[in-house]
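Please find below my notes on this model, set out as numbered points for someone who has not met it before. They are meant to be read with the structure open alongside.

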Amino acid sequence: MENSAMKKKKQVLLYYCVEMEDVARKIASESDSIILHSINWRSFADGFPNLFINNAHDIRGQHVAFLASFSSPAVIFEQLSVIFALPRLFVASFTLVLPFFPTGTFERMEEEGDVATAFTMARIISNIPISRGGPTSLVIYDIHALQERFYFGDHVLPLFETGIPLLKQRLQQLPDSENIVIAFPDDGAWKRFHKQLVHYPTVICTKVREGDKRIVRLKEGNPAGCHVVIVDDLVQSGGTLIECQKVLAAHGASKVSAYVTHGIFPNRSWERFLHKNDGSEKALTYFWTTDSCPHTVNAVANNAPFEVISLAGSIADALQI
């Protein structure tokens, strides 16, 4: 009886792209059933990829996964080349782990001529060859717009995970964990995350247009005297977060922190949040993000107010599904 109750973990061979090597090693350290395998990432003289999948013969009949990071258009083609090759090597199953789905903010057309590149990316991924075990499993964290799940075709099985349980664990460790209020920067974030954070009081901000400007206002809730944590799926320039922080502080919040699953921060925009040693006011007490965007992790490591919460354990669990 005891053996049947404890389900045997399947062994997963995990390949990874160059910039995800640190995360891959963390994932492998979470579970004895995950074995790392490598790829030779080289280039020909003309700049096009010259790739080699190590141990290709040995992975036949094995459960295989690939940890990807589509951090820029320049690295997507070489990774897609590997992603399209692995399922054809007679593997028992294939899983693509793409923690951050890029182009997710470009999911709709506002006028004729707009290109919804999120749909293009989903169509490309949907054409990954079927392995012997069936369609590819696709693991994505906190995709920007929930309707994007319908962009994928029948050749992939999207598994939409979230970083919110990791945030909740971190909040419980805070000395003022009983005085936390969750703030959503807009209605979209509230719709997205409020059901996962029902045990916390909430504040909702909203953007209103005044002339040519979009101004953040408090829509509902009371942040006075509380440690308010702004929650969203991603951050780019960080302008909205800064405006939210100012509004929450003006309404009496004792501290303001922020959590985003994906810290994209183009053009080093994370620098505007750093704590300075000149006695100036520290806008955010904590700024939590995950390691879904490795370039950001390397940039913000050990710089207050940033703390990186790793997805490694969550990904290790997802690979067992």
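**Notes on the predicted model**

1. F265 has a relative accessibility of 4% and therefore counts as buried, since the cut-off for that term is under 20%. The model is a predicted one, and in it F265 sits in the loop that runs between β13 and β14. The phi angle of F265 is near 45°, which is a positive value in a residue other than glycine. Most residues other than glycine have a negative phi.

2. A second residue can be read in the same way, namely D142, whose phi is likewise given as near 45°, positive although the residue is not glycine. D142 belongs to the loop between β7 and β8, and with 4% relative accessibility D142 counts as buried.

3. Which two residues are joined by a cis peptide bond? They are A304 and P305, and the omega angle of this bond is about 10°. P305 is placed in the loop between α8 (294-300) and β15. As a general matter, most peptide bonds are trans.

4. The strands on either side of the loop that holds F265 belong to an open sheet of 7 strands, whose order is β11-β10-β9-β12-β13-β14-β15 and whose pairing is mixed. The edges of this sheet are taken by β11 (213-220) and β15 (306-309), each of which has a single partner strand, so one side of each is left without a neighbour in the sheet. On average, and with direction ignored, neighbouring strands here are turned by 25° against each other. Within the sheet, β13 (residues 255-263) and β14 (residues 287-290) pair in the parallel sense over 3 bridges, and V260 stands opposite T289 of β14.

5. Helix α5 (residues 164-172) lies across β9 (180-184), β12 (227-235), β13, β14 and β15, and its direction makes an angle of about 125° with β15. The residues of α5 that are buried are I164, L166, L167, R170 and L171. Seen down the axis of α5, these buried residues fall within an arc of 155°, so they line one face of the helix. What they pack against is β9, α6 (187-193), β12, β13, β14 and β15.

6. The strands on either side of the loop that holds D142 are part of another open sheet, made of 6 strands in the order β2-β1-β5-β6-β7-β8, with parallel pairing. Here β2 (34-36) and β8 stand at the edges, and because each has a single partner strand, one side of each is left without a neighbour in the sheet. Neighbouring strands of this sheet are turned by 25° against each other on average, again with direction ignored. Between β6 and β7, which run parallel, there are 3 bridges, and the bridge partner of L96 in β7 is L138.

7. Which residues of helix α4 (residues 117-126) are buried? They are A118, M121, A122, I125 and S126. Viewed down the axis of α4, the buried residues fall within an arc of 135°, so they line one face of the helix. Among the elements that cover them are α3 (73-85), β6 (93-97), β7 (136-141) and β8 (156-161).

8. The largest nonpolar core has 70 residues, and those with the most contacts inside it are I27, F66, L67, F101, I125 and V231. Strand β1 (residues 12-16) gives the most to this core, contributing 5 residues. A second core, separate from that one, has 25 residues and includes A183, C226, V235 and A253. Returning to F101, and leaving aside residues up to four places away in sequence, F101 touches A118, M121, A122, I125, I140, I143, E148 and F152. Of these contacts, A118, M121, A122 and I125 are also among the buried residues of α4.

9. A last detail concerns S31, which is located in the loop between α2 (21-30) and β2. With a relative accessibility of 7%, S31 counts as buried. The side chains of S31 and S33 are joined by a polar contact of 2.6 Å.

Terms used:
Residues are numbered from 1 along each chain as its sequence is written. This is a predicted model: local features need pLDDT of at least 70, side-chain atom pairs count only at pLDDT 80 or more; totals for chains, interfaces and linings use all residues. Side-chain values use heavy atoms; hydrogens and water are left out. Buried means under 20% relative accessible area, exposed over 50%, partly exposed in between (1.4 Å probe, protein chains only). Helices (H or I, at least four residues) and strands (E, at least two) are DSSP runs, numbered from the N terminus. The arc is that of the directions from the helix axis to the C-beta atoms. Contact means heavy atoms within 4.5 Å. Two strands pair if DSSP finds at least two bridges between them. Axes are lines fitted to C-alpha atoms, for helices over the stretch in contact, and angles run from 0 to 180 degrees between N-to-C directions. A nonpolar core is a set of buried Ala, Val, Leu, Ile, Met, Phe, Trp, Tyr and Cys residues joined through side-chain atoms within 4.5 Å. A polar contact is a pair of N or O atoms within 3.5 Å; within protein, one must be able to donate a hydrogen and the other to accept it, and residues adjacent in sequence count only if both atoms are side-chain atoms.
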